[in-house]
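This note collects comments on the structure shown below. The points are numbered for ease of reply.

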Amino acid sequence: MIQLPEDRRPPLTPQLALRVAVVGSLALAMFAIVFFRLWFLQVLSGDQYLRAATINRVRDIAVASPRGEVLDRNGNVLVSSTKALAVQISPPDLPKSPHAQRAIYRQLASVLGISTNRISCTVAGLKVAGGGTFRLAAIPCHVKQQLALQPYADVTIKTDVSPDVQYYLAERQEQFPGVVVQQVYLPQYPLKTVAAQLLGTVGPINKYEVKEQAYRGVSHNAIIGQSGLEGAYDNFLRGTDGYERVQVNSLGQPTGDLFGKQPIPGHNLALSLDVNLQRAGQQALATSIAANPGADAGAFVALNPQNGEVYAMGSYPSFDPTVFTKTLSEATYKNLTNPAGGDPLLNRATQSAGPTGSTFKPITATAALESGVWSIGDTYDDTGSFCFANTTDCLHNAGHAVDGSLDLVNALRVSSDDFFYNLGAKTNADPTTHPNGGPLDQWARAFGIGQPTGIDLGGELSGTLPTPRWRANRDKLELECEQATGQFKGHPKHASCGIADGNQWTIGDNVNLAVGQGDVQVTPLQLAVAYAALANGGTIVRPHLGLDVQNADGTVLQKIDPPPARHININPLYLETIRQGLRDAASQLGGTSDDVFGNFPEQVYGKTGTAQYSGQPDYSWYACFVPATATSKPIVVVVHIERGGFGDVAAAPVARQILSQWFFGKPGAFKAGSSPTL
């Protein structure tokens, strides 16, 4: 039997076995990694990538809602909205490369006719080397500035562009990634400068406002009210933006509509303003300022003394709010806020305060009568001088006039300073026991001096009512400033900071206050509210411009009728005596405004005021009213003209034209006074 040879294999050496094991392990590890990655992508991250894919092919395009209209009391349109096209940049959709972004900016500037020259570009709030100032062309500068204010919103480059621009950019979307043309609504101001400071402005919501409770849920691209009535009533005027959801390709070009949500327009706001009275008041103010050398600014208020409805309120100089509907240059904004140019954005009726001169005297008269230091039948011998007791210090009437024996009615008629200096001395109180002042301070505070009126506008000044406590606080601040202590710690020391002169309260402070001089600071609106109380019997009304909120069809949704702030009890006999003095001042021979109002058909109760400023021409005031007892259309008017001179010369003629418009439908001829009295 033949024996076959054995089937032998060469033995596996240890080295070879090790190599086989290493290669096998590496192969197994690679297969494990690939398997795990596939499992991760499919199972754990599948929803995430599905959402990303959806975002890449679907875009939400914001559809702006029109703001509601603002109307006057007779339905005249003061602010409306009109459709327009705006070129915007969506920063997240721009190329990541700065070079590519600059190329897009240059192309877009060419399409829109915007200069590509580099300018100084300051970015507010950006803390970088150089203080946030760059050398950039207009478009990249605007993008950087807006992103600093609102990092998440689209940046509007130009508004009110033509449809041709829209078509051009849409056809070349691949050349302009991140650039879109949106429909927006621009506010329209058919009356231009009329009531500009009252109406206010609108603008894009910023990064601070989106965090506020009032704007919860509001789009980062929303346009909101930024000042004035637009800001105060923004929650009514601002509608709800909608959106259109569209499908786009990889180049961002729309390929189909999906669905969307229609915008909801804002409600209309009806105001108590009478546009004809507003226009007449602004024109009269401008006429008087032009006619009085040195006068350069002023304000007026006209309101209903019974309920606080503001019929008109103007400030000079004014501005055209249309400038805020487009990109506002830094130079333009500086001009609008430059005190040397009149600071047109400032509403001087509520945001400018100063001494009132003799228009303060009815408040002094009330304090003197109610405190018992003076009686209706008392008289004072005005010799042309008032001298402080036990001193040789004396004060004088304007022009050193001598008015003789005067009771309160005649003292108001001729506006005797000496008479009211005397009342100021009598109503003074010991500052150590009365840190909040004596009767004069108490009654001035009751009339609303030194407090905001609560009008439905932002930025109202509270003014200043000087008291011993106020003076002590000012002296304390002055000392801290000089010594760099307290709230001034870390600041340089000063020989004098100009906050206060270090003098304690004296009788002279109260005497000054009695004639509306010294440290007292009053806005025209505050004085109008005080005179409204004289007209209505003591009610401190809460002035308001809003009348009601309406649907587009005129249906009233909400009335705006705030209750009065308070009522002060003035003895009716005292009140009638003060009113008689004001009536005689405007109608009787020798009255301080008789030459302006002596032949006026309505019963005007008025008081001139000439406030003295150190080193400046006098400031002109006039305050008056026609009460409900004399007319079915009661009204209070206060006029203030900076550096206008005597109240009878500059301010009273403006008040006459406002009253003429109110009662007779036309302002009539401008009639300037000539009385050289306070």
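The points below move from the whole chain to selected helices, one loop and the aromatic rings.

1. Overall composition. The model is predicted, and the remarks that follow should be read accordingly. The protein contains 21 helices and 25 strands. Of its 678 residues, 46% are buried. Considering contacts between residues at least 6 apart in sequence, 69% join residues at least 24 apart. The exposed surface amounts to about 32,600 Å², and 54% of that area comes from carbon and sulfur atoms.

2. Helix 9. This helix covers residues 275-291 and has 17 residues. The distance from its first C-alpha to its last is 24 Å, close to the expected 24 Å at 1.5 Å a residue. At the N-terminal end, D274 acts as a cap, with a side-chain oxygen 3.0 Å from the backbone nitrogen of N276.

3. Burial of helix 9. The buried residues of this helix include V275, L277, A280, L285 and I289; Q278, Q282 and S288 are also among them. Which elements cover these residues? The cover includes strand 3 (77-89), strand 13, strand 14 and strand 25 (635-642), together with helix 6 (196-199) and helix 21 (647-664).

4. The loop at N304. Two of the covering strands, strand 13 (297-303) and strand 14 (310-316), are joined by a loop in which N304 is found. Is N304 buried or exposed? N304 counts as buried because its relative accessibility is 8%, under the 20% cut-off.

5. Contacts of N304. The side chain of N304 makes a polar contact of 2.8 Å with the side chain of Y311. A second polar contact, of 3.5 Å, joins the side chains of N304 and N307. Apart from neighbours within four places in sequence, N304 is in contact with E309, Y311 and P634.

6. Helix 17. In this helix (residues 507-514), D509, N510, V511, L513 and A514 are buried. The elements covering them include strand 16 (385-387) and strand 17 (394-396), as well as helix 12 (361-371), helix 14 (417-426), helix 15 (439-447) and helix 16 (468-483). After helix 17 comes G516, which has a positive phi near 70°.

7. Aromatic pairs. A pair of aromatic rings is described by the distance of the centres and the angle of the planes. The count of such pairs here comes to 13. F386 and F388 form an edge-to-face pair, with 5.5 Å centre to centre and 75° between the planes. F386 is buried, with a relative accessible area of 8%, and F388 is buried at 17%. F663 and F664 form a tilted pair, with 6.3 Å centre to centre and 50° between the planes. In this pair F663 is buried, with a relative accessible area of 14%, whereas F664 is partly exposed at 39%.

8. Aromatic cluster. To which cluster do F663 and F664 belong? F663 and F664 form one aromatic cluster with F597, F600 and Y622.

9. Charges over rings. K144 lies over the face of F134, at 4.9 Å from the ring centre. R172 lies over the face of Y168, at 3.8 Å from the ring centre.

Terms used:
Residues are numbered from 1 along each chain as its sequence is written. This is a predicted model: local features need pLDDT of at least 70, side-chain atom pairs count only at pLDDT 80 or more; totals for chains, interfaces and linings use all residues. Side-chain values use heavy atoms; hydrogens and water are left out. Helices (H or I, at least four residues) and strands (E, at least two) are DSSP runs, numbered from the N terminus. Buried means under 20% relative accessible area, exposed over 50%, partly exposed in between (1.4 Å probe, protein chains only). Contact means heavy atoms within 4.5 Å. Accessible areas come from the Shrake-Rupley method with a 1.4 Å probe; for residues, only the protein chains shown count as cover. A polar contact is a pair of N or O atoms within 3.5 Å; within protein, one must be able to donate a hydrogen and the other to accept it, and residues adjacent in sequence count only if both atoms are side-chain atoms. The expected span of a helix is 1.5 Å times one less than its number of residues. Rings of Phe, Tyr and Trp (its six-membered ring) pair if their centres lie within 6.5 Å; planes under 30 degrees apart count as stacked, over 60 as edge-to-face and the rest as tilted. A charge sits over a ring if NZ of Lys or CZ of Arg is within 6 Å of the ring centre and within 35 degrees of the ring normal.
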